[in-house]
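Please open the model in a viewer and keep the sequence at hand. The tour below proceeds by selections, each followed by a short account of what is found there.

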Amino acid sequence: MNSTGDAPDNNPGDDVCDTGGTNSQGATECTLRAAIEEADASATVDAIGFDMSATEPGHSGGIWTISTTSGAYPWIGSAIDIDATTQSGYAGSPIVVLDGSGLSSGEVGLGFSATAADSRVAGLSIVSFPDDGISSGADRVIIEGNYVGVRPDGTTAPGNGAENVAMWGSAADPIVRDNLIAAATDANVTATGTVTGFVVTGNTIGTDLTGTLALGGAQAFWTDTAGTVRIGGSGAGEGNVIAHSTWDNIQVAGNNSTVTVLGNSIWGGGQLGTDLEAPADSGDGVTPNAVSYTHLTLPTTSALWRSR
(Lines give C-alpha, C1' and ligand atoms only; values in the text may rest on other atoms or scores of the structure.)
Protein backbone atom coordinates (compact mmCIF):
# COMPACT_ATOMS: atom_id res chain seq x y z
CA MET A 1 0.00 0.00 0.00
CA ASN A 2 1.22 3.48 -0.88
CA SER A 3 -1.13 5.97 0.75
CA THR A 4 -2.09 7.29 4.19
CA GLY A 5 -5.62 7.73 2.86
CA ASP A 6 -8.58 5.63 3.97
CA ALA A 7 -10.59 5.09 0.79
CA PRO A 8 -11.97 1.60 0.04
CA ASP A 9 -11.00 -0.57 -2.90
CA ASN A 10 -12.70 0.21 -6.19
CA ASN A 11 -13.40 -3.43 -7.05
CA PRO A 12 -12.53 -5.97 -4.32
CA GLY A 13 -11.65 -9.34 -5.76
CA ASP A 14 -10.03 -8.21 -8.99
CA ASP A 15 -6.51 -8.74 -7.53
CA VAL A 16 -5.70 -5.04 -7.97
CA CYS A 17 -5.46 -2.72 -4.96
CA ASP A 18 -6.94 0.48 -6.39
CA THR A 19 -9.23 3.03 -4.77
CA GLY A 20 -9.88 4.70 -8.10
CA GLY A 21 -7.86 7.72 -6.98
CA THR A 22 -4.19 8.66 -6.84
CA ASN A 23 -1.73 9.10 -4.01
CA SER A 24 0.48 12.14 -3.38
CA GLN A 25 2.86 10.99 -6.12
CA GLY A 26 0.12 10.65 -8.71
CA ALA A 27 0.28 6.85 -8.70
CA THR A 28 -2.69 4.52 -8.43
CA GLU A 29 -3.75 4.76 -4.80
CA CYS A 30 -3.66 1.66 -2.58
CA THR A 31 -4.74 2.38 1.00
CA LEU A 32 -4.53 -0.05 3.90
CA ARG A 33 -8.32 -0.37 3.83
CA ALA A 34 -8.27 -1.19 0.13
CA ALA A 35 -5.41 -3.65 0.59
CA ILE A 36 -7.29 -5.45 3.37
CA GLU A 37 -10.44 -5.62 1.24
CA GLU A 38 -8.53 -6.93 -1.78
CA ALA A 39 -6.45 -9.42 0.20
CA ASP A 40 -9.49 -10.65 2.09
CA ALA A 41 -11.20 -11.45 -1.21
CA SER A 42 -8.38 -13.91 -1.97
CA ALA A 43 -8.37 -17.51 -0.74
CA THR A 44 -4.60 -17.57 -0.17
CA VAL A 45 -2.30 -15.76 2.26
CA ASP A 46 -1.73 -12.21 1.07
CA ALA A 47 1.13 -10.00 2.23
CA ILE A 48 0.45 -6.30 2.64
CA GLY A 49 3.65 -4.29 2.35
CA PHE A 50 4.08 -0.57 2.99
CA ASP A 51 5.62 1.85 0.50
CA MET A 52 4.47 5.37 1.38
CA SER A 53 6.21 8.55 0.29
CA ALA A 54 7.20 11.32 2.69
CA THR A 55 4.87 13.57 0.67
CA GLU A 56 1.81 11.69 1.95
CA PRO A 57 -0.61 13.62 4.19
CA GLY A 58 -0.10 12.49 7.76
CA HIS A 59 3.67 12.13 7.40
CA SER A 60 5.81 14.04 9.87
CA GLY A 61 9.31 13.44 11.18
CA GLY A 62 9.64 10.01 9.65
CA ILE A 63 6.27 8.82 11.02
CA TRP A 64 3.27 8.01 8.81
CA THR A 65 -0.16 8.26 10.48
CA ILE A 66 -3.16 6.54 8.90
CA SER A 67 -6.36 7.96 10.36
CA THR A 68 -9.49 5.88 9.94
CA THR A 69 -12.10 8.22 8.51
CA SER A 70 -14.33 5.73 6.67
CA GLY A 71 -15.50 3.70 9.66
CA ALA A 72 -13.90 0.59 11.15
CA TYR A 73 -11.69 -1.59 9.00
CA PRO A 74 -13.51 -4.68 7.75
CA TRP A 75 -13.14 -7.79 9.87
CA ILE A 76 -10.51 -9.96 8.23
CA GLY A 77 -11.77 -13.38 7.20
CA SER A 78 -8.78 -14.96 5.47
CA ALA A 79 -5.04 -15.20 6.09
CA ILE A 80 -3.29 -11.82 5.79
CA ASP A 81 0.24 -10.76 6.63
CA ILE A 82 0.21 -7.04 7.50
CA ASP A 83 3.89 -6.12 7.68
CA ALA A 84 4.71 -2.48 8.38
CA THR A 85 8.38 -3.33 8.84
CA THR A 86 8.55 -3.09 5.04
CA GLN A 87 8.04 0.70 5.15
CA SER A 88 11.21 2.54 4.09
CA GLY A 89 12.90 3.99 7.18
CA TYR A 90 11.92 1.18 9.52
CA ALA A 91 14.78 0.52 11.93
CA GLY A 92 13.39 -1.82 14.56
CA SER A 93 10.43 0.14 15.96
CA PRO A 94 7.12 1.21 14.39
CA ILE A 95 6.97 4.22 12.08
CA VAL A 96 3.43 3.61 10.81
CA VAL A 97 0.51 4.53 13.09
CA LEU A 98 -3.09 3.34 12.83
CA ASP A 99 -5.10 6.01 14.63
CA GLY A 100 -8.74 5.29 15.46
CA SER A 101 -9.50 8.49 17.35
CA GLY A 102 -12.02 9.57 14.71
CA LEU A 103 -14.21 6.49 15.16
CA SER A 104 -17.30 6.00 17.30
CA SER A 105 -17.85 3.43 20.05
CA GLY A 106 -17.46 -0.31 19.56
CA GLU A 107 -14.98 -0.28 16.68
CA VAL A 108 -11.75 -2.31 16.84
CA GLY A 109 -8.45 -1.58 15.14
CA LEU A 110 -7.66 -4.84 13.36
CA GLY A 111 -10.16 -7.68 13.78
CA PHE A 112 -9.55 -11.29 12.70
CA SER A 113 -12.51 -13.66 12.38
CA ALA A 114 -12.12 -17.37 13.13
CA THR A 115 -11.49 -18.04 9.43
CA ALA A 116 -8.38 -15.82 9.31
CA ALA A 117 -5.95 -18.49 10.56
CA ASP A 118 -2.22 -17.92 10.02
CA SER A 119 -2.51 -14.14 9.85
CA ARG A 120 0.20 -11.85 11.16
CA VAL A 121 0.55 -8.20 12.22
CA ALA A 122 4.03 -6.68 12.52
CA GLY A 123 5.60 -3.26 12.98
CA LEU A 124 2.54 -1.08 13.60
CA SER A 125 1.61 1.44 16.26
CA ILE A 126 -2.12 0.96 16.95
CA VAL A 127 -3.77 3.60 19.11
CA SER A 128 -7.01 5.31 20.09
CA PHE A 129 -9.53 2.80 18.75
CA PRO A 130 -12.81 2.84 20.70
CA ASP A 131 -12.70 -0.91 21.31
CA ASP A 132 -9.83 -3.42 21.08
CA GLY A 133 -6.62 -2.50 19.30
CA ILE A 134 -6.31 -6.04 17.91
CA SER A 135 -9.04 -8.65 18.30
CA SER A 136 -8.69 -12.22 17.05
CA GLY A 137 -10.58 -15.51 17.15
CA ALA A 138 -8.32 -17.18 14.58
CA ASP A 139 -5.80 -19.98 14.94
CA ARG A 140 -2.05 -19.35 14.77
CA VAL A 141 -2.28 -15.57 14.53
CA ILE A 142 1.04 -13.84 15.29
CA ILE A 143 1.21 -10.34 16.74
CA GLU A 144 4.85 -9.23 16.85
CA GLY A 145 6.97 -6.11 17.00
CA ASN A 146 4.06 -3.71 17.41
CA TYR A 147 3.36 -0.82 19.78
CA VAL A 148 -0.26 -1.40 20.81
CA GLY A 149 -1.71 1.53 22.72
CA VAL A 150 1.58 3.40 22.39
CA ARG A 151 2.79 5.85 19.76
CA PRO A 152 6.16 5.40 17.98
CA ASP A 153 8.02 7.57 20.50
CA GLY A 154 7.50 4.71 22.95
CA THR A 155 6.22 6.95 25.75
CA THR A 156 3.02 8.64 24.52
CA ALA A 157 0.30 6.14 25.35
CA PRO A 158 -3.31 6.98 24.43
CA GLY A 159 -4.16 3.28 24.64
CA ASN A 160 -7.24 1.71 23.10
CA GLY A 161 -10.78 1.76 24.42
CA ALA A 162 -11.13 -1.83 25.61
CA GLU A 163 -8.32 -4.42 25.42
CA ASN A 164 -5.15 -3.73 23.48
CA VAL A 165 -4.82 -7.35 22.29
CA ALA A 166 -7.75 -9.76 22.73
CA MET A 167 -7.80 -13.46 21.83
CA TRP A 168 -11.19 -15.15 22.02
CA GLY A 169 -13.39 -18.04 20.87
CA SER A 170 -11.64 -21.33 20.19
CA ALA A 171 -8.45 -19.83 18.73
CA ALA A 172 -5.52 -22.26 18.89
CA ASP A 173 -1.83 -21.40 19.17
CA PRO A 174 -1.89 -17.60 18.89
CA ILE A 175 1.39 -15.83 19.64
CA VAL A 176 1.94 -12.33 21.05
CA ARG A 177 5.67 -11.58 21.13
CA ASP A 178 8.14 -8.72 21.28
CA ASN A 179 5.52 -5.97 21.47
CA LEU A 180 5.20 -2.82 23.57
CA ILE A 181 1.65 -2.88 24.96
CA ALA A 182 0.20 -0.35 27.39
CA ALA A 183 -2.60 1.95 28.51
CA ALA A 184 -5.64 -0.17 27.63
CA THR A 185 -8.87 0.93 29.26
CA ASP A 186 -9.38 -2.71 30.26
CA ALA A 187 -6.65 -5.38 30.21
CA ASN A 188 -3.66 -4.99 27.93
CA VAL A 189 -3.80 -8.65 26.81
CA THR A 190 -6.70 -11.09 27.26
CA ALA A 191 -7.64 -14.68 26.46
CA THR A 192 -11.25 -15.81 26.80
CA GLY A 193 -13.50 -18.64 25.66
CA THR A 194 -11.52 -21.80 24.93
CA VAL A 195 -8.36 -20.20 23.53
CA THR A 196 -5.53 -22.70 23.90
CA GLY A 197 -1.83 -22.88 23.22
CA PHE A 198 -1.58 -19.11 23.72
CA VAL A 199 2.03 -17.93 24.05
CA VAL A 200 2.92 -14.44 25.32
CA THR A 201 6.69 -13.81 25.25
CA GLY A 202 9.22 -11.01 25.10
CA ASN A 203 6.72 -8.20 25.54
CA THR A 204 6.92 -5.03 27.56
CA ILE A 205 3.50 -4.46 29.09
CA GLY A 206 2.39 -1.42 31.08
CA THR A 207 5.69 0.46 30.97
CA ASP A 208 8.04 1.95 28.39
CA LEU A 209 10.97 0.03 26.89
CA THR A 210 13.33 1.30 29.59
CA GLY A 211 11.00 0.08 32.34
CA THR A 212 10.99 3.46 34.04
CA LEU A 213 7.68 5.04 32.99
CA ALA A 214 4.27 3.92 34.19
CA LEU A 215 2.10 3.66 31.05
CA GLY A 216 -0.41 1.39 32.73
CA GLY A 217 -3.60 -0.36 31.76
CA ALA A 218 -6.27 -1.81 34.03
CA GLN A 219 -4.44 -5.16 34.01
CA ALA A 220 -1.47 -6.46 32.05
CA PHE A 221 -2.97 -9.89 31.37
CA TRP A 222 -6.39 -11.36 32.13
CA THR A 223 -7.64 -14.80 31.22
CA ASP A 224 -10.54 -17.11 31.95
CA THR A 225 -9.95 -19.42 29.00
CA ALA A 226 -10.36 -23.14 29.62
CA GLY A 227 -7.26 -23.77 27.49
CA THR A 228 -3.52 -23.50 28.05
CA VAL A 229 -1.56 -20.25 28.31
CA ARG A 230 2.15 -19.58 28.70
CA ILE A 231 3.24 -16.14 29.87
CA GLY A 232 7.01 -15.88 29.46
CA GLY A 233 9.42 -18.79 29.20
CA SER A 234 12.84 -20.11 30.10
CA GLY A 235 14.53 -19.26 26.81
CA ALA A 236 16.55 -16.12 26.11
CA GLY A 237 14.24 -13.14 25.58
CA GLU A 238 11.06 -15.05 26.36
CA GLY A 239 10.28 -13.33 29.64
CA ASN A 240 7.92 -10.37 29.65
CA VAL A 241 8.31 -7.12 31.55
CA ILE A 242 4.94 -6.57 33.24
CA ALA A 243 4.34 -3.48 35.37
CA HIS A 244 2.14 -0.63 36.54
CA SER A 245 -1.34 -2.09 36.11
CA THR A 246 -4.13 -0.28 37.92
CA TRP A 247 -5.34 -3.59 39.38
CA ASP A 248 -3.59 -6.99 39.33
CA ASN A 249 -0.75 -7.30 36.85
CA ILE A 250 -1.85 -10.85 35.96
CA GLN A 251 -5.24 -12.29 36.80
CA VAL A 252 -6.14 -15.92 36.08
CA ALA A 253 -9.88 -16.36 36.52
CA GLY A 254 -11.71 -19.51 37.55
CA ASN A 255 -12.27 -21.34 34.26
CA ASN A 256 -8.62 -21.70 33.42
CA SER A 257 -7.01 -25.12 33.42
CA THR A 258 -3.31 -24.52 32.79
CA VAL A 259 -1.42 -21.23 32.95
CA THR A 260 2.37 -21.14 33.10
CA VAL A 261 3.99 -17.91 34.30
CA LEU A 262 7.73 -18.24 33.81
CA GLY A 263 10.78 -15.99 33.64
CA ASN A 264 8.96 -12.63 33.77
CA SER A 265 9.76 -9.40 35.59
CA ILE A 266 6.58 -8.28 37.36
CA TRP A 267 6.21 -5.24 39.59
CA GLY A 268 4.32 -2.06 40.39
CA GLY A 269 0.72 -3.25 40.09
CA GLY A 270 -1.95 -1.42 42.04
CA GLN A 271 -3.17 -4.65 43.66
CA LEU A 272 -1.63 -8.13 43.18
CA GLY A 273 1.30 -9.19 41.07
CA THR A 274 -0.38 -12.46 40.07
CA ASP A 275 -3.91 -13.35 41.20
CA LEU A 276 -4.86 -17.02 40.77
CA GLU A 277 -8.58 -17.05 41.48
CA ALA A 278 -10.38 -20.11 42.73
CA PRO A 279 -13.34 -21.01 40.47
CA ALA A 280 -15.92 -19.72 42.94
CA ASP A 281 -14.04 -16.56 43.85
CA SER A 282 -15.72 -13.24 43.18
CA GLY A 283 -12.48 -11.62 42.09
CA ASP A 284 -12.49 -9.18 44.98
CA GLY A 285 -9.57 -9.01 47.38
CA VAL A 286 -6.85 -11.54 48.18
CA THR A 287 -7.88 -15.16 47.52
CA PRO A 288 -6.21 -18.30 48.90
CA ASN A 289 -4.30 -18.65 45.62
CA ALA A 290 -3.34 -15.01 45.21
CA VAL A 291 0.37 -14.28 44.87
CA SER A 292 0.78 -10.96 46.62
CA TYR A 293 4.18 -9.83 45.40
CA THR A 294 3.17 -6.22 44.84
CA HIS A 295 2.37 -5.86 48.53
CA LEU A 296 6.09 -5.97 49.32
CA THR A 297 7.78 -2.70 50.21
CA LEU A 298 10.17 -2.11 47.33
CA PRO A 299 12.13 0.84 45.93
CA THR A 300 9.98 2.78 43.49
CA THR A 301 12.35 2.80 40.51
CA SER A 302 14.16 -0.42 39.72
CA ALA A 303 13.19 -3.28 42.01
CA LEU A 304 11.86 -6.29 40.14
CA TRP A 305 10.21 -9.55 41.05
CA ARG A 306 11.09 -12.39 38.69
CA SER A 307 8.56 -15.18 38.30
CA ARG A 308 9.89 -18.73 38.37
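Begin by selecting arginine 151 together with its surroundings. Leaving out residues up to four places away in sequence, Arginine 151 touches Val97, Asp99, Ser125, Val127, Ser128, Thr156 and Pro158. The residue itself belongs to the loop between β11 (147-148) and β12. With a relative accessible area of 24%, arginine 151 is partly exposed. One of the residues it touches is Asp99; arginine 151 and aspartate 99 are 52 residues apart in sequence, and their C-alpha atoms are 9.4 Å apart in space.

Before the next selection, a word on the model as a whole. It is a predicted model, with an average pLDDT of 88 and 86% of the residues scoring at least 70. Please colour the chain by confidence and look at residues 284-308, where pLDDT stays under 50. For that stretch the model has 49 contacts beyond four places in sequence. The protein has one helix and 25 strands, and 53% of its 308 residues count as buried. Of the contacts between residues at least 6 apart in sequence, 70% join residues at least 24 apart.

**Strand β5 and its partners**

Next, select strand β5, residues 96-99. Which way do its side chains point? Val96 and Leu98 point one way, while Val97 and Asp99 point the other way. All of these residues are buried. In general, the side chains of a regular strand alternate between the two faces of the sheet.

Now add strand β3 (residues 63-67), which runs parallel to β5 and is joined to it by four bridges. Within this pairing, tryptophan 64 stands opposite valine 96. Then add strand β8 (residues 124-127), which also pairs with β5 in the parallel sense, over four bridges. Here valine 97 stands opposite serine 125. Both Val97 and Ser125 were met earlier, among the residues that arginine 151 touches.

**Strand β4 and its partners**

Move to strand β4 (residues 80-83), which pairs with strand β1 (residues 46-48) in the parallel sense over three bridges. The bridge partner of aspartate 46 in β4 is isoleucine 80. Strand β7 (residues 120-122) runs parallel to β4 as well, joined to it by three bridges. In that strand, valine 121 is the bridge partner of isoleucine 82.

**The nonpolar cores**

Which residues have the most contacts inside the largest nonpolar core? They are Ile48, Phe50, Ile82, Leu110, Leu124 and Phe198, in a core of 52 residues. Helix α1 (residues 32-40) gives the most to this core, with four residues. Nonpolar side chains in soluble globular proteins tend to be buried together.

Centre the view on isoleucine 48. Neighbours within four places in sequence aside, isoleucine 48 is in contact with Met1, Leu32, Ala35, Ile36, Ala39, Ile80, Asp81, Ile82 and Asp83. There is also a second, separate core of six residues, which includes Tyr147, Val150, Ala183 and Leu215.

**The aromatic pairs**

How many aromatic pairs does the structure hold? There are two. Select tryptophan 75 and tryptophan 168 first: their ring centres are 6.3 Å apart and their planes stand at 70°, so the pair is edge-to-face. Tryptophan 75 lies in the loop between β3 and β4, and tryptophan 168 in the loop between β12 (165-167) and β13 (175-177), so that the pair links parts of the chain 93 residues apart. Tryptophan 75 is partly exposed, at 40% relative accessible area, and tryptophan 168 is also partly exposed, at 29%.

Phenylalanine 198 and phenylalanine 221 form a tilted pair, at 6.1 Å centre to centre and 40° between the planes. Because phenylalanine 198 lies in strand β16 (residues 198-201) and phenylalanine 221 in strand β18, this pair ties together parts that are 23 residues apart in sequence. Are these two residues buried or exposed? Both phenylalanine 198 and phenylalanine 221 are buried.

**A last stop: threonine 225**

Finally, follow the chain from β18 (219-223) into the loop that leads to β19 (228-232), where threonine 225 is found. Its relative accessible area is 0%, so threonine 225 is buried. Display its side chain and the backbone of glycine 227: the side chain of threonine 225 reaches the backbone nitrogen of glycine 227 at 3.0 Å.

How values were computed. Residues numbered from 1 in each chain as written. Predicted model: local features only at pLDDT ≥ 70, side-chain atom pairs only at ≥ 80, totals over all residues. Heavy atoms only, no water. Helix = DSSP H or I, 4+ residues; strand = E, 2+ residues; numbered from the N terminus. Buried < 20%, exposed > 50% of the residue type's maximum accessible area, 1.4 Å probe, protein only. Polar contact = N/O pair within 3.5 Å; in protein donor to acceptor, adjacent residues only side chain to side chain. Pairing = 2+ DSSP bridges. Core = buried A, V, L, I, M, F, W, Y, C linked by side-chain atoms within 4.5 Å. Contact = heavy atoms within 4.5 Å. Phe/Tyr/Trp six-rings, centres within 6.5 Å; stacked < 30°, edge-to-face > 60°. pLDDT = per-residue confidence, 0-100.
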